[in-house]
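Biologist: Before we look at any single contact, could you show me how to read charged pairs and surface patches in a model?

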Amino acid sequence: MGVRNPRKEELQRLESKTLDAQFRTIVEQGLHCSPFEAEAVLDVVREVYFPFLDQATGSAPPGRITLVAVCADEPAGKPVADCTKRTVCLTIHRGTEDDRLLQTQGPAAFRRSRIPELCQEALSQGALLTREDLAYRMFFVGTRTVSRDLSMLRQTNPSVPLPMRSTVHDIGPVLSHRVQIVRLAMEGKTTTEICRILHHSPAAVTNYLSTFIRCVQLAHRGMQVGQIAFLLHRGKGLVQSYLDLLAECERDNNMTYHLQQLLQLGQCTVEKAGEKNGGGSITYES
């Protein structure tokens, strides 16, 4: 067994999140081509189309950057090279506000001001950022610098989680923000209130609540943590946290009421889907 080279692995993960890598993966999987054949197809596309695309796209909007990130639906433990990617457009610099922040408080304050919004902006477009994305594609600093920024953000405002790949899929030690969102819903908070409190988009909040409802429905059918995690393509840690929250809801009358309301909405959604499928069985998807 060889010795791991973290720096080389880091570069490989970054290389796999490029448009070229995304194109090669689609060709290899869709046409069952070899990597050599996919690279040859990419070379032809570059030669034929790229000169015209460069002229058509023009310049990017001021202060914004386009990059490739891992799709938010990709589960934990899957190699980055095999993950589906999305191209997202993010706002790095907001204009005069950031100019003043850089001048008065410096680059560190600027990064810590932008990181939460950048993570949420990427999530709203269906992707999740990593430390490497923030470090090498946006702020051009080391990953240790970004780690210090993230640590400072969590210390100063622990109630506002950062939707990154490490936190959303429970890869890292930070409690998943999904559980916080669901708990607020169980306490009677509306989607608008949750979005304001945790700085999330309505679509993201709805998605997390939907996953929680499916988790509860499967638990009521007597399924174990591993089975639920497999069916929903979620980590066991997240599923167990949801089940712990379910037990908490069942001990509290107010949370029980809001849980029943959500379950009724979920049942209506399943029945409508069954009608569209001609009355067939419903499969649970992530």
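The dialogue below takes up salt bridges, burial and a surface patch.

Modeller: This is a predicted model, in which local features need pLDDT of at least 70 and side-chain atom pairs count only at pLDDT 80 or more, while totals for chains, interfaces and linings use all residues. Residues are numbered from 1 along each chain as its sequence is written, and side-chain values use heavy atoms, with hydrogens and water left out.

Biologist: How many salt bridges does the structure hold?

Modeller: A salt bridge is a side-chain nitrogen of Lys or Arg within 4 Å of a carboxyl oxygen of Asp or Glu. The structure holds 10 salt bridges, and one of them joins arginine 111 to aspartate 149, with 2.6 Å from N to O.

Biologist: Which parts does the pair of arginine 111 and aspartate 149 tie together?

Modeller: Helices are DSSP runs (H or I, at least four residues) numbered from the N terminus. Arginine 111 lies in helix H5 (residues 107–124) and aspartate 149 in helix H7 (residues 143–156), so their salt bridge ties together parts that are 38 residues apart in sequence.

Biologist: Is arginine 111 buried or exposed?

Modeller: Buried means under 20% relative accessible area and exposed over 50%, with partly exposed in between (1.4 Å probe, protein chains only). Arginine 111 counts as buried because its relative accessibility is 11%, and aspartate 149 is likewise classed as buried, at 0%.

Biologist: What separates arginine 114 from glutamate 117 in helix H5?

Modeller: The two residues stand 3 residues apart in helix H5, which means a separation of about one helical turn, and their side chains meet in a salt bridge of 2.9 Å, N to O. Arginine 114 is buried at 1% relative accessibility, whereas glutamate 117 is partly exposed at 40%. Salt bridges that share partners join Arg94, Glu97, Asp98, Arg114 and Glu117 into one network. Within that network, arginine 94 forms a salt bridge with glutamate 97, their closest N and O atoms being 3.5 Å apart; arginine 94 is partly exposed at 26%, and glutamate 97 is also partly exposed, at 47%.

Biologist: Which residues make the nonpolar surface patch?

Modeller: Patches take residues with over 30% relative accessible area and no salt bridge, nonpolar side chains (Val, Leu, Ile, Met, Phe, Trp, Tyr) being joined within 5 Å and like charges within 9 Å; accessible areas come from the Shrake-Rupley method with a 1.4 Å probe, and for residues only the protein chains shown count as cover. Here Val44, Val48, Tyr49 and Phe50 make a nonpolar patch of about 370 Å². Valine 48 has its place in helix H3 (residues 35–57) and is partly exposed, with a relative accessible area of 42%.
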